[in-house]
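This report describes the fold, the ligand surroundings and some local backbone features of the structure shown below.

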Amino acid sequence: MFDETHPLVQFKLDILRRAFPAQDAIVFGDIYGVEGAYTAKCIEYGCSRALLIDSHETAPWLRRRLDQPAIDFYKGDFADPFFMASVRETYEIGVAYDVLLHQAPLLHTVHLMLEKVRERFLVVQPMLEEQPVPGSVVYLPGNSSGAELHPFADRPDEYRVFDVDQVNQAHWIWGMTPSFLKAALAGEGFETVYEATTGPLTPNPRWAWWGFVAERRTTPDSHWSAHSRTKDLRSGA
Ligand SMILES: C[S@@+](CC[C@H](N)C(=O)[O-])C[C@H]1O[C@@H](n2cnc3c(N)ncnc32)[C@H](O)[C@@H]1O
């Protein structure tokens, strides 16, 4: 539920305000539980237009969209390259709140998102504490760590993070460390310029809410998506 007095909502709005002023925004996943509230905030904070992409839609969201013509909506899967190819425009800022840990094709989805973002990208989500090896990302389905790793071990039916049959966008798939996410963003040409945490995500202190603001520095020349420009292993060059 979107309650502006709730500390987590305030945390997300604080991260969002750091991206402004901005002309336009693309928001990835903003229906479940919030009915497009962060998309509407982008307009309130000064964007002349904001696009929400979500595979889900609700009656309250559709009413909000009708009331606010500066908001647009594409219903679809932002992890699907064919759908994302239909998004022909780019946006000054991109917002990814509570979505990345639900993406099975994680790096590819981050890339598809960032292709649409010209300047700044915002992430807020539960993150796993840093592991002994920097850059760690833990695949949760099938993991046997039990309560030690489960973010809500007291609610196993709701948070089926270890269920190998629930690898989909409704469930947690990844335990991402901050160092992993920053390296993944850097690989897309985005430097993290601000990060903050709200502290432990109860009841498991190994998880915490984190927020990141990243700015575009480059468009990487040797990115894996650019097949024609990456090294040809056969030539030895
Ligand atoms: C956990 S909710 C987060 C909502 C809001 N951003 C927030 O911070 O409270 C995730 C939302 O993203 C959407 N979503 C997740 N993965 C998606 C995908 N690959 N394509 C489209 N929508 C997706 C879901 O339908 C849902 O509305």
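Helices (H or I, at least four residues) and strands (E, at least two) are DSSP runs, numbered from the N terminus. The model is a predicted one, in which local features need pLDDT of at least 70 and side-chain atom pairs count only at pLDDT 80 or more, while totals for chains, interfaces and linings use all residues. Residues are numbered from 1 along each chain as its sequence is written.

**The sheet**

Two strands are taken to pair if DSSP finds at least two bridges between them. On this basis, seven strands make up an open sheet of mixed pairing, with the order 3-2-1-4-5-9-8. Strand 3 (71-75) and strand 8 (190-201) each have a single partner strand and stand at the edges, so one side of each lacks a neighbour in the sheet. From one strand to the next, the twist averages 15°; such angles run from 0 to 180 degrees between N-to-C directions, and the axes are lines fitted to C-alpha atoms, for helices over the stretch in contact.

A hairpin leads from strand 8 to strand 9 through two residues. These two strands, the second of which spans residues 204-216, pair in the antiparallel sense over ten bridges. Within strand 9, Val213 is the bridge partner of Tyr194, and Trp209 is that of Gly199. Strand 9 also runs antiparallel to strand 5, to which nine bridges join it. There, Val124 stands opposite Gly211 of strand 9.

**Helix 6 against the sheet**

Helix 6 (residues 178-186) lies across strand 5 (117-128), strand 8 and strand 9, and its direction makes an angle of about 160° with strand 8. Contact between two residues requires their C-beta atoms, placed from the backbone, to lie within 7 Å. A residue is buried if 20 or more other C-beta atoms lie within 10 Å of its own, exposed if 12 or fewer, and partly exposed in between, again with C-beta atoms placed from the backbone. The buried residues of helix 6 are Phe180, Leu181 and Leu185. Viewed down the helix axis, these buried residues fall within an arc of 130°, so they line one face of helix 6; the arc is that of the directions from the helix axis to the C-beta atoms. They pack against strand 5, strand 6 (137-139), strand 7 (174-176), strand 8 and strand 9.

**Ligand surroundings**

A residue is near a molecule if its C-beta atom, placed from the backbone, lies within 6 Å of it. Of the 20 residues around the ligand, Gly29, Ile31, Tyr32, Tyr97 and Gln169 come nearest. The shell divides into nine nonpolar, seven polar and four charged residues. Here Ala, Val, Leu, Ile, Met, Phe, Trp, Tyr, Cys and Pro count as nonpolar, Asp, Glu, Lys and Arg as charged, and the others, Gly among them, as polar.

**Loops and backbone features**

Two residues other than glycine with positive phi are set out below.

| Residue | Phi | Loop | C-beta neighbours inside 10 Å |
|---|---|---|---|
| Glu35 | near 55° | between strand 1 and helix 2 (37-44) | 20, buried |
| Asp98 | near 65° | between strand 4 (91-97) and helix 5 (106-114) | 20, buried |

A cis peptide bond, with omega about 5°, joins Phe20 and Pro21. Pro21 belongs to the loop between helix 1 (7-17) and strand 1 (24-28). Glu158 is found in the loop between strand 6 and strand 7 and is exposed, with 9 other C-beta atoms within 10 Å. Its C-alpha atom is separated by 9.0 Å from that of His171, 13 residues apart along the chain.
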